[in-house]
Amino acid sequence: MSTINWNNGRLIELNQGDTATSTGSLNNGQLYCLFFYNAAGNDASTVLNIVWSNSQPPVQVTVPGTTMNQGLAALCFVNGSQTNTVSVAITNGNQGAKIQAFIGSVKMPLDTEGINNTKLELNGEEQAFKKFTRFYAVPESHWYSARIQSNINQFTSVQFSESKAQVYIVNKLVDPNNVIKYAGNSQELVTVIPSDTQSVAFNLQGNGQQLVWINADSTQNSNDATIAVQSLSSLYNENITSQAEALASMV
């Protein structure tokens with residue numbers, strides 16, 4: 001039984017009876033998500049208690065049981081405008097429990113040891129997810145086309161801006177609310193976007209602020225998933241240049 005300082009949101013391991021607390025480290029105006037992976041050597045689910053307010057009851061999150069650390073993540077969103085402190089505890093009733101966890105946002109984790117913290121190139125080329133992958137980019141102030149693709153069922157990733165998040169689910173099979181929970185009013189800031197096919201395509205508009213994409217899937221699922229983001233402004237400029245060159249060659 002131990003108490004863990006989680007102020008930097010780093011990747012940690014929680015066991016039966018442990019508590020991790022991030023004190024005063026959540027920023028006003030930012031949305032955060034707690035990512036939980038079941039790392040126990042058995043197939044038993046683990047119940048976590050998320051405390052974010054002294055006046056509101058804890059949020060209970062069930063991390064699905066798995067074997068060999070191959071399960072999907074469970075998520076809990078927290079609004080930094082409602083609290084600057086959050087803690088997670090595994091009660092002694094969860095025998096043999098072992099959970100890997102980190103805090104994701106445009107800010108966190110501050111300590112990225114154990115996290116694949118990678119710049120996302122906005123050139124339209126596919127980049128592969130891995131377990132614990134955090135892609136970051138600062139799109140310019142124009143439109144972009146994006147696509148997330150996976151041939152695995154229920155592949156899930158979270159796109160963060162400063163105060164909002166989109167949860168993209170590819171090959172959706174089951175209700176995502178089983179593993180996505182919300183503290184306070186954070187659900188108002190999250191949009192879940194499912195797709196019944198092997199990809200989900202969407203447009204995004206840059207504004208010079210950072211965007212972050214974090215996957216919430218197991219190792220074997222993440223290895224077969226990719227993300228690609230391409231500037232539509234660049235495509236437009238390329239088309240204009242090609243047309244100008246074609247007209248010039250006709251003169």
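**Note on the predicted model: a loop serine, ring pairs, cysteines and one sheet**

1. Ser81 lies in the loop between S7 and strand S8 (86-90), and the coordinates discussed here and below belong to a predicted model. At 42% relative accessibility, Ser81 counts as partly exposed, because that value falls in the range between under 20%, which is called buried, and over 50%, which is called exposed.

2. The surroundings of Ser81 come from another part of the chain: leaving aside residues up to four places away in sequence, Ser81 touches Asn27, Asn28, Gly29 and Gln30. For Gln30, which is 51 residues from Ser81 along the chain, the separation of the two C-alpha atoms is 6.8 Å. Two polar interactions of the serine side chain can be listed here, namely a polar contact of 3.1 Å with the side chain of Asn28 and an approach of 2.8 Å to the backbone nitrogen of Gly29.

3. On the aromatic residues, the structure holds eight aromatic pairs. One of them is formed by Phe77 and Tyr182, whose ring centres are 5.8 Å apart and whose planes make an angle of 15 degrees, so that the pair counts as stacked, given that planes under 30 degrees apart fall in that class. This pair links distant parts of the chain, since Phe77 belongs to strand S7 (residues 74-79) and Tyr182 to strand S16 (residues 180-182), 105 residues apart. Phe77 is buried, as is Tyr182.

4. A further stacked pair is that of Tyr168 and Phe202, and it is assigned to this class because the ring centres are 4.1 Å apart and the planes stand at 15 degrees. Here too distant parts of the chain are linked, with Tyr168 in strand S15 (residues 165-170) and Phe202 in strand S18 (residues 199-205), 34 residues apart. Both members, Tyr168 and Phe202, are buried. Elsewhere among the aromatic residues, Phe35, Tyr37, Phe102, Phe132 and Phe160 form one aromatic cluster.

5. How many disulfides does the model contain? The count comes to zero. Cys33 is in no disulfide, and the nearest cysteine sulfur, that of Cys76, is 7.3 Å away. Seen from the other side, the sulfur of Cys76 has its closest cysteine sulfur in Cys33, and the distance of 7.3 Å is too far for a bond, because the cut-off for a disulfide is a pair of sulfur atoms within 2.5 Å. Cys33 counts as buried because its relative accessibility is 0%, and Cys76 counts as buried on the basis of a relative accessibility of 0%.

6. One open sheet deserves a separate comment: four strands form it in the order S11-S20-S13-S18, and the pairing is antiparallel. Its edge strands are strand S11 (127-128) and S18, each of which pairs on one side only. S11 is joined to strand S20 (residues 225-231) by two bridges, with the two strands running antiparallel, and the bridge partner of Gln127 in S20 is Ile227.

7. For the chain as a whole, the secondary structure comes to two helices and 20 strands. Of the 251 residues of the protein chain, 46% count as buried, while the exposed area is about 11,600 Å², of which carbon and sulfur atoms supply 45%. Among contacts in the protein chain with a separation of 6 or more, 76% are accounted for by residues 24 or more positions apart.

Methods
Residues numbered from 1 in each chain as written. Predicted model: local features only at pLDDT ≥ 70, side-chain atom pairs only at ≥ 80, totals over all residues. Heavy atoms only, no water. Phe/Tyr/Trp six-rings, centres within 6.5 Å; stacked < 30°, edge-to-face > 60°. Buried < 20%, exposed > 50% of the residue type's maximum accessible area, 1.4 Å probe, protein only. Contact = heavy atoms within 4.5 Å. Polar contact = N/O pair within 3.5 Å; in protein donor to acceptor, adjacent residues only side chain to side chain. Pairing = 2+ DSSP bridges. Areas by Shrake-Rupley, 256 points an atom, 1.4 Å probe, with all protein chains shown as cover.
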